[in-house]
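Subject: Structure for you to look at

Dear colleague,

I am handing over the structure below, and I would be glad if you kept it open while you read. My notes on what was found in it follow directly after.

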Amino acid sequence: MNKEKITLTGETETLLVPLYCRYLESMKPEPIIKDDKAVEIVDSIDYGFDRLAIPKQTYVTVCMRAKQFDDYTESRLADVPDGIVIHLGCGLDSRFDRIDNNRVEWYDLDVPEVIALRKHFYLETGRYHFISSSAVEPGWIEKINAKNKPVLVLAEGLFMYLKEEDIKSLFIRLQNKFSKTTIIFDSYSELAAKGIGGHPSIKKTSAVVSWGISDAKRIESWGGDIHLAEEWYFTQSEEIRKLDAGYRFVFRIMGMFPAAKKAHRILVFQLGGK
């Protein structure tokens, strides 16, 4: 089988970390997340995944994160089956394939080089669209007609690479464009963001972590109608039961210390209505 050679740099190369984590997890008999598309993609590209040097803790949390984002999205589609989903910084993720309900209208957005790569593995349809743009560029939002439906925006493994002023501007644009938006993203605390530069995968890809926030309620002060709906910690994950005893113990200990719990968590905000 001829494998396709790929070249990515900086933050874009980090998309291979969650891809490879989902690939490895899918090989297990009882995986946290099952992603057949990740297996297909990893098996078809020429890349030295070992160079990413993914620590076990990162591997576990990346899989938990993907499962929690899937769960949030499925829950929303249960309430609004024909809603609008926008996945910012989609990388090579297959969430649309994993949870498509045959009614949702879905937009996967990433920078041009990633969307060009994505087109090797995914096809657009009448309900499934690609947008080739950085999330911080203002123009992409005009390509979406939400038809006054609630909009769900996903930003998994993205905002930590952006500047706070760019994230704030994005929140305001979403409020101005759509009548009601739910935005779900994961965030480091400020302390974790400052220390993450020594992470092996970050060092290998030369990515730069630019943002973290310790008090999520502070985002409500950014202006407009912004409400924190949920702050979810990895120590809450039901998937912990699938880990070996050593890692179950690690997560129990983390749950005892607020700073450890908040080092990396998932935040849910409502824009334009509670």
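The sulfur of Cys21 lies 5.3 Å from the closest cysteine sulfur, which belongs to Cys63, and that is too far for a bond. A disulfide is counted here as a pair of cysteine sulfur atoms within 2.5 Å, and by this rule the count comes to 0 disulfides. In general terms, a disulfide is a covalent bond between the sulfur atoms of two cysteines. Cys21 is buried, with a relative accessible area of 1%, and Cys63 is buried as well, with a relative accessible area of 0%; the cut-offs are under 20% relative accessible area for buried, over 50% for exposed, and partly exposed in between, using a 1.4 Å probe and protein chains only.

Before going further, please keep in mind that this is a predicted model, in which local features need pLDDT of at least 70 and side-chain atom pairs count only at pLDDT 80 or more, while totals for chains, interfaces and linings use all residues. Residues are numbered from 1 along each chain as its sequence is written, and side-chain values use heavy atoms, with hydrogens and water left out.

The next part concerns strand 7, where helices (H or I, at least four residues) and strands (E, at least two) are DSSP runs numbered from the N terminus. Strand 7 covers residues 181-188, and 8 of its 8 residues are buried. On one side these are Thr181, Ile183, Phe185 and Ser187, and on the other Thr182, Ile184, Asp186 and Tyr188, so that both faces are covered.

Two strands pair if DSSP finds at least two bridges between them. Strand 6 (residues 151-155) runs parallel to strand 7 and is joined to it by 5 bridges, and Val151 has Thr181 as its bridge partner in strand 7. Between these two strands the chain passes through helix 7 (residues 164-177), in a β-α-β crossover that is right-handed, meaning that, with the strands pointing away from the viewer, the path from the first strand over the helix to the second runs clockwise. Strand 7 also pairs with strand 9 (residues 264-271), in the antiparallel sense and over 8 bridges, with Ile266 of strand 9 as the bridge partner of Asp186.

Finally, there are two asparagines to look at. Most residues other than glycine have a negative phi. Asn102, however, has a positive phi near 70°; Asn102 sits in the loop between helix 5 (95-99) and strand 4 (105-110) and is exposed, with a relative accessible area of 60%. Asn148 has a positive phi of about 65°, lies in the loop between strand 5 (128-132) and strand 6, and is exposed, with a relative accessible area of 72%.

With best wishes
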